[in-house]
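Open the model in your viewer and keep the selection tool at hand. This tour moves from one selection to the next.

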Amino acid sequence: MSETAATDFDFESYITDIPDYPEPGVVFKDITPLFADANAMRQAITALADHFRGRGVTKVIGPEARGFMVGVPVALELGAGFIPARKPGKLPRETVSISYELEYGTDTLEIHADALEPGDRVLIIDDLVATGGTVAATGKLVQNMGAELIGYGCILELAFLNPRDALAAYGDQELFSLVKVS
């Protein structure tokens with residue numbers, strides 16, 4: 001069962017279920033049809049930006065890699081800068097990093113050391129939030145750098161994996177999603 005956020009646009013109709021991918025028993029939620037449709041993508045970007053408009057967002061961070069595809073246009077809509085959160089070794093200058101637990105090990109994200117400063121108001125945008133580990137770690141990195149975390153936004157939230165529990169460990173910032181799968 002899923003629910004769509006307060007918008008008249010049917011985002012869910014652009015999400016395709018792929019059974020048994022990447023392994024048997026998993027139903028993969030493919031959002032690339034939404035990316036492929038110019039109107040659907042514009043509606044998604046506008047809905048995400050509109051939800052956070054007026055909150056003084058100065059920077060948007062998108063985790064590698066699909067967070068870039070959603071985060072950049074949201075940043076442009078909000079008149080904010082964009083910061084990529086990358087895997088280790090992908091950024092050319094001095095970086096700050098955070099490692100976090102996954103269900104099968106650990107992972108690390110980095111941003112440039114000069115990307116944020118106190119006073120920045122940061123929104124984290126990703127395409128999909130599953131367990132919440134990646135965006136929670138990104139939020140912690142924002143807080144460690146002295147910037148203010150405004151919230152999290154995504155196209156698709158796999159609510160049945162309880163990502164809000166992971167995010168609550170780092171504060172009470174809102175997670176706004178266009179489609180929630182229960």
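Contact here means heavy atoms within 4.5 Å. Keep in mind that this is a predicted model.

**Stop 1: Lys 29.** Select Lys 29, which lies in strand β3, residues 27–30. Is Lys 29 buried or exposed? Its relative accessibility is 18%. Buried means under 20%, so Lys 29 counts as buried.

Now show what surrounds Lys 29. Set aside its neighbours within four places in sequence. Lys 29 is then in contact with Ile 15, Thr 16, Asp 17, Leu 156, Leu 158 and Val 181. Which side chain makes a polar contact with the side chain of Lys 29? Pick Asp 17: the two side chains make that contact at 2.7 Å.

**Stop 2: strand β8.** Select residues 121–129, which form strand β8. Seven of these nine residues are buried, so β8 is largely enclosed by the rest of the structure.

**Stop 3: the partners of β8.** Add residues 59–63, strand β4. β4 and β8 pair in the parallel sense, over three bridges. Zoom to Val 60, which stands opposite Leu 123 in β8.

Next add residues 148–158, strand β9. How many bridges link β8 and β9? There are eight, and the pairing is again in the parallel sense. Find Leu 128, which stands opposite Leu 156 in β9. Leu 156 is also among the contacts of Lys 29 from the opening stop.

**Stop 4: the crossover.** Finish by adding residues 133–144, helix α4. Together, β8, α4 and β9 make a right-handed β-α-β unit.

Key:
Residues numbered from 1 in each chain as written. Predicted model: local features only at pLDDT ≥ 70, side-chain atom pairs only at ≥ 80, totals over all residues. Heavy atoms only, no water. Buried < 20%, exposed > 50% of the residue type's maximum accessible area, 1.4 Å probe, protein only. Helix = DSSP H or I, 4+ residues; strand = E, 2+ residues; numbered from the N terminus. Pairing = 2+ DSSP bridges. Right-handed = clockwise from strand over helix to strand, strands pointing away. Polar contact = N/O pair within 3.5 Å; in protein donor to acceptor, adjacent residues only side chain to side chain.
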